[in-house]
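Student: Please choose one part of this model and look at it closely. Explain each term when it first comes up.

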Amino acid sequence: AMFDNLSRSIEKAQRLIGKTGTLTAENMKEPLKEVRRALLEADVSLPVVRRFIKKVEERALGTKVLEGVTPDVQFIKVVSNELIELMGGGGPGAKDLEPGFPQIILMAGLQGVGKTTAAGKLALYLKKAKKRCLLVATDVYRPAAIDQLVKLGTAIDVPVFELGTQVDPVEIARRGVEEGRRLGVDAVIVDTAGRLQVDEDMMGELRSIKSAVRPSDTLLVVDAMTGQEAANLVRAFNDAVDISGAILTKMDGDSRGGAALSVREVSGKPIKFVGVGEKMEALEPFYPERMASRILGMGDVLTLYEKAETAIKEEDAKAAVERLMEEKFDFNDFLNQWKTMNNMGGMQMLKMMPGFNKISEKQLYEAEKQFETYEAIIKAMEEEERTNPEILIKSMARRRRVAQDSGQSEAEVSKLMAAFTSMKSQVGGMSKFLKLQKAGGDPA
Ligand code: GDP
């Protein structure tokens, strides 16, 4: 089907290349074409596709290719990450409505996109969050639109403010918000008139309503089926009324949702909700991960990547478990661990890395001194004390002897016992964690 090509080229690449180190202009060429095609098929506007691809290409260049996958798969993983990041990242909480007392939500959009429906859905959504709402009908050009909102309001048991068709929409909006304040509601949702196309009258009216009610949110309602035009539409509305976000409707249909990317790329504003049906309940918070996967339509490829990633993690964990489980953690191990952690070269290298140059010469010196002290004490132990730390920890006489033999103070020996116990419990905790993880249990 759609990605047969891609699957074939992945197989080919797997045979030909095997493990390739990084993404290069050469090995990105083919998957780049596939991604471009996928985005256009998803109705992402062409200029948006161009800008996006250019950015991803720059970002991806030089990216390390995960062991077990081909450059194609790695590239698509980069694209997917970039899509998610661009469309908002984080969970639904990141795209919540703006606060306000009351929240005033202005709905904008062309006619037929599902604006009035979305106003009702939002009211129900807020109602379920224990917020009281008032809906305001300002579409004086279509009496049917006012009736529609009144019906929706009745159905979800939310009051609707309307003044018929003979009053100026700006005035209705203003008085609607006043009424909301009088009623003490938490949110006022102002539905507005749409036109079949972007026109100056509509934008002028929206601007006037906006300055009259000073909304906390101005949401542009966009039909997911809008296709290539979405970018221009979003630009026009955003330029005119500076939207705070968008609601993407009719995502229950066939649309791959490319409009979501266009909205974000053009306006920089988040998609806050997604409409997924005609019912009032059919409103969901926006999940960038889901949308990215839908737009890209390359779920299989990403699953491949995740499998490889999991395999590697499991391998690492298995090796670590074995190491840890075998480990009878004693003073020799302690010394080794400490050496690994604090070895001279390691510390010096750390110092040269950005962010770590705050490690002072003094700290380095102290770490080395401490190591020398511990080393001296451990060397002065008898073999059975070194491999069986309990006998030393329990016997004050033995500790005193070790202190004397090593030329260190008893306080230093106690310090070593404490450091040892702490490291041992860390290692033990790690081992337990890994054992549980291996058994498929929840380590928490
Ligand atoms: P408005 O002119 O922008 O206010 O649009 P309406 O709210 O009247 O909606 C236009 C049509 O789209 C109606 O038939 C709605 O039932 C339908 N609609 C709205 N949102 C959705 C949605 O998320 N999914 C589907 N399938 N239909 C929707």
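Tutor: Helices are DSSP runs of H or I with at least four residues, strands are runs of E with at least two, and both are numbered from the N terminus. This is a predicted model, in which local features need pLDDT of at least 70 and side-chain atom pairs need 80 or more, while totals for chains, interfaces and linings use all residues. Residues are numbered from 1 along each chain as its sequence is written.

The part to look at is the sheet, with what surrounds it. The sheet is open and has 8 strands in the order β3-β2-β4-β1-β5-β6-β7-β8, with mixed pairing (a pair needs at least two DSSP bridges). Its edges are β3 (160-161) and β8 (283-285); each has a single partner strand, so one side of each has no neighbour in the sheet. At the β3 edge, β2 (residues 133-137) runs parallel to β3 and is joined to it by 2 bridges. There, Val136 faces Phe161 of β3.

Helices lie against the strands. Helix α8 (residues 200-213) crosses β1 (103-108), β4 (187-191) and β5 (217-223), and runs at about 180° to β1. Such angles run from 0 to 180 degrees between N-to-C directions, with axes fitted to C-alpha atoms, for helices over the stretch in contact. Helix α9 (residues 230-241) also packs on the sheet, where it touches β1 and β5 (contact puts C-beta atoms, placed from the backbone, within 7 Å). The direction of α9 makes about 160° with that of β5.

Two loops that lead into these strands have unusual backbone geometry, given that most residues other than glycine have a negative phi, and most peptide bonds are trans. Between α4 (71-86) and β1, the loop contains Pro102, which is joined to Phe101 by a cis peptide bond with omega of about -5°. Between α8 and β5, the loop contains Arg214. Arg214 is not a glycine, yet its phi is positive, at about 40°.

Next comes the ligand. Around it are 18 residues, of which Gly114, Lys115, Thr116, Thr117 and Gly275 come nearest (a residue is near if its C-beta atom, placed from the backbone, lies within 6 Å). Helix α5 (residues 115-128) contributes the most to this shell, with 3 residues.

Finally, one pair of helices. Helix α3 (residues 46-60) packs with helix α10 (residues 258-267) at about 75°, their axes 10 Å apart. That makes the two roughly perpendicular, a label for angles of 65 to 115 degrees. Val48, Arg51 and Phe52 of α3 meet Leu261, Ser262, Glu265 and Val266 of α10.

Terms used
Contact = placed C-beta atoms within 7 Å. Parallel < 35°, antiparallel > 145°, perpendicular 65-115°, else oblique.
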